[in-house]
Amino acid sequence: MNTASQPSTDGSARATVKALYAHVRPHRWVVALGLLCALAGATGGLMQPLATKALVDRLTSGQTITTVLLALTVLVVLGAVADAVGAYVLERTAESVVLAARRTLIGRLLRLRLTEAERIPPGDLMSRVTSDTTLLRAVSTQAVVGAATGAVAFVAAVVMMAILDVVLLGVTLGVLVVTGGLVALVMPRIAQATERSQEAVGEISTALERVFGAFRTVKASGAEQRETARVEAAARRAWRHGVTSAKWEALAGSADGLAVQLAFLAVLAVGGARVSSGAIPVSTLIAFLLYLFYLIEPVSQLIDAASQYQEGAAAIWRITQVQRLSTEPPTQHRSAPPRLPTALSGPASVRFADVSFRHRPDVPYAHQQVSFEVPATGTTAIVGPSGAGKSTVFALIERFYETTSGRILLDGQDVRHWPLHDLRSQIGYVEQDAPVLAGTLRENLTFAAPDVTDADIRDVVRRTKLDALVDRLADGLDTPVGHRGCTLSGGERQRIAIARALLRRPRLLLLDEATAQLDAVNELAIRDAIAETATQTTVLVVAHRLSTVTNADRIIVMDAGRIQAIGTHAELVVQDQLYAQLAATQLLTPDPTTPRPSPLRVPEGPSACDR
Ligand SMILES: Nc1ncnc2c1ncn2[C@@H]1O[C@H](COP(=O)(O)OP(=O)(O)OP(=O)(O)O)[C@@H](O)[C@H]1O
């Protein structure tokens with residue numbers, strides 16, 4: 001999702017304003033209130049030069065000035081109060097805009113299709129939720145109100161100046177128009193630099209995510225310096241573009257003062273001549289000059305609003321891109337029939353009918369006309385060389401991806417017709433790398449079934465041989481397991497993943513090489529637990545151990561995305577050459593439950609902290 005430099009591609013000014021309005025719309029009345037307060041504050045300031053003129057006129061004619069002074073004080077205090085209320089209302093609204101944008105993005109990110117999530121680096125997506133939404137804050141309220149109050153105050157001041165002296169107004173506007181034109185040239189550069197800077201911030205997150213995702217590997221490979229350089233390079237890019245943006249902003253920001261100073265000199269020259277010629281009284285020149293200085297505020301508000309808009313436009317464009325990513329339907333598929341048998345109990349059947357699938361049009365097919373049938377109950381093992389398409393079977397049943405052609409049926413119903421949530425609620429899925437999430441052991445076990453009872457947890461903990469671990473942990477089930485379960489061994493993580501799937505009481509259990517890191521004792525226990533589960537659940541297992549396949553009711557042999565053979569172990573060893581070869585070689589790792597020289601217990605896999 002590298003968008004390079006253009007908030008303008010699709011982020012045309014019109015599209016950006018439309019997107020901005022969509023963010024502000026829910027808060028438009030509060031923004032209007034903030035605008036009113038800001039206008040009240042500006043009106044106070046607007047009246048001050050007139051009051052000053054009245055003061056000077058009274059002084060020159062020898063009248064008392066107490067009333068005018070009092071009125072001036074009241075104006076100043078009221079203006080300040082209105083400004084403070086307005087600022088609070090707007091800041092609060094800005095936070096609400098940011099919150100709403102973050103909530104929308106978070107909701108969307110968690111529903112992203114897997115293909116999208118695999119395409120975009122997670123760090124980049126994260127920075128859009130955290131950093132880009134922050135930029136939205138200024139543009140959504142301060143820029144809107146600043147532009148409105150600035151414009152109103154500017155027009156009001158210009159009207160007052162026109163009333164005082166049209167010639168001096170002409171001189172002032174001439175200077176302002178020239179400076180304004182120069183500022184307009186600078187504005188797009190701010191947007192460009194900001195977007196590049198935000199992209200670089202995304203790159204920092206991506207680079208850090210890469211390091212912490214394989215922290216031990218980075219250390220063991222001695223790659224700290226290289227990786228540090230990589231993150232630093234992104235940080236330097238962010239700095240460079242940030243500085244470029246700051247340069248243009250500083251230039252634009254100083255333009256208001258410069259414009260008024262130049263106008264002041266011009267007005268002083270022309271106004272002085274007009275006072276000497278008797279065209280205007282000196283009090284008019286003083287009032288005019290006060291209005292001129294009053295103009296600094298609205299002009300700077302307008303320039304700030306334009307700068308904030310340019311920064312915000314870059315962020316809005318990056319946020320809009322996320323909103324356009326393809327997501328899974330929230331609940332129901334559009335072509336879902338009335339209501340499918342989600343309440344059905346007992347094991348589920350699965351059928352692949354001529355399924356072909358590839359991840360993208362530019363990569364080879366991962367499945368080619370795959371057809372097989374798995375009846376309800378019993379264990380079906382899928383075997384095959386690496387890359388044969390075994391894990392893809394599970395991904396397609398779960399509808400992480402849509403088939404390119406063919407149909408997959410669960411209980412005789414096309415999986416595309418199932419409401420996604422209902423479909424997945426039938427299935428327990430243990431991934432190849434058995435992820436464990438940061439949180440407590442209990443949170444991990446109940447992750448797929450939050451409503452299970454303590455008795456259910458105890459039962460599954462016993463069946464998956466996790467009871468020794470629970471006893472050992474300081475707070476038992478309530479002990480935190482660290483980032484990605486890094487305080488646990490690989491085998492413990494696998495058993496937790498299996499326990500999590502079993503607690504879901506699935507009608508279909510998908511196990512992807514789930515026992516690869518288990519030691520002999522635990523392997524045996526898990527095998528028993530799964531055999532017991534298979535009496536009430538359909539179990540589909542990607543197997544790498546002979547013990548798993550020999551115990552399976554049927555075995556599906558896959559090779560290069562095709563079904564090579566289907567049968568039992570006894571049938572396949574004599575009928576299928578590939579299977580016989582697989583069974584005989586390392587592809588099916590030796591059964592750890594076969595007797596070994598002592599010690600019997602082999603250590604389980606490594607901890608997850610390096611992942
Ligand atoms: N996200 C992806 N994008 C593109 N190709 C992919 C993606 N995921 C997997 N593949 C490819 O699809 C094919 C099948 O992958 P799959 O994970 O199903 O194989 P597998 O049989 O489970 O392999 P292993 O036993 O090594 O886990 C492989 O060639 C793999 O490179």
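User: Let's start with the open sheet of 6 strands: what is its strand order, and how do I read the pairing?

Analyst: The general idea first: strands of a sheet pair through backbone hydrogen bonds, either parallel or antiparallel. Here, in a predicted model, the order is β6-β7-β8-β3-β9-β10, with mixed pairing. Strands are DSSP runs of E, at least two residues, and helices are runs of H or I, at least four, numbered from the N terminus. Two strands pair if DSSP finds at least two bridges between them.

User: Any ground rules on numbering and confidence?

Analyst: Residues are numbered from 1 along each chain as its sequence is written. Because the model is predicted, local features need pLDDT of at least 70 and side-chain atom pairs count only at pLDDT 80 or more, while totals for chains, interfaces and linings use all residues.

User: Which strands stand at the edges of that sheet?

Analyst: β6 (427-430) and β10 (562-567) do; each has a single partner strand, so one side of each is left without a neighbour in the sheet. On average, neighbouring strands here are turned by 15° against each other, direction ignored. Axes are lines fitted to C-alpha atoms, for helices over the stretch in contact, and angles run from 0 to 180 degrees between N-to-C directions.

User: In which sense do β7 and β8 pair?

Analyst: Parallel: β7 (residues 508-512) and β8 (residues 538-542) share 5 bridges. To find the register, look at aspartate 512, which stands opposite valine 542 in β8.

User: And which helices sit on this sheet?

Analyst: Helix α16 (residues 490-503) packs on it, touching β6 and β7, and its direction makes about 175° with that of β6. α11 lies across β3 (378-383), β6, β7, β8 and β9 (554-559), running at about 145° to β7. Contact means that the C-beta atoms of two residues, placed from the backbone, lie within 7 Å.

User: What is the strand order in the open sheet of 4 strands?

Analyst: β2-β1-β4-β5, with antiparallel pairing. Its edges are β2 (367-374) and β5 (413-414), each with a single partner strand, so one side of each lacks a neighbour in the sheet. β1 (residues 350-357) pairs with β2 over 5 bridges, and valine 355 stands opposite valine 370 there. β1 and β4 also pair over 5 bridges, with alanine 353 opposite arginine 407. α11 turns up again, lying across β1, β2 and β4 (405-410) at about 110° to β1.

User: What is there to see in the hairpin of β4 and β5?

Analyst: Those two strands pair over 2 bridges, and leucine 410 has glutamine 413 as its bridge partner. Of the hairpin's 2 residues between the strands, have a look at aspartate 411, which takes a positive phi near 55°.

User: Now the ligand: how many residues surround it, and which are the closest?

Analyst: There are 13, and the closest are Ala366, Ser386, Lys390, Ser391 and Thr392. A residue is near a molecule if its C-beta atom, placed from the backbone, lies within 6 Å of it. Helix α11 (residues 390-397) gives the most to this shell, with 3 residues.

User: Where does the UniProt record put the ABC transmembrane type-1 domain?

Analyst: The unreviewed entry has it covering residues 32-311. That span is 92% helix and 0% strand, with its end C-alpha atoms 22 Å apart. Among the stretches listed as "transmembrane region" is 68-90, which is 100% helix, with end C-alpha atoms 33 Å apart. UniProt positions use the numbering here, feature names are shortened, and annotations may be inferred rather than shown by experiment.
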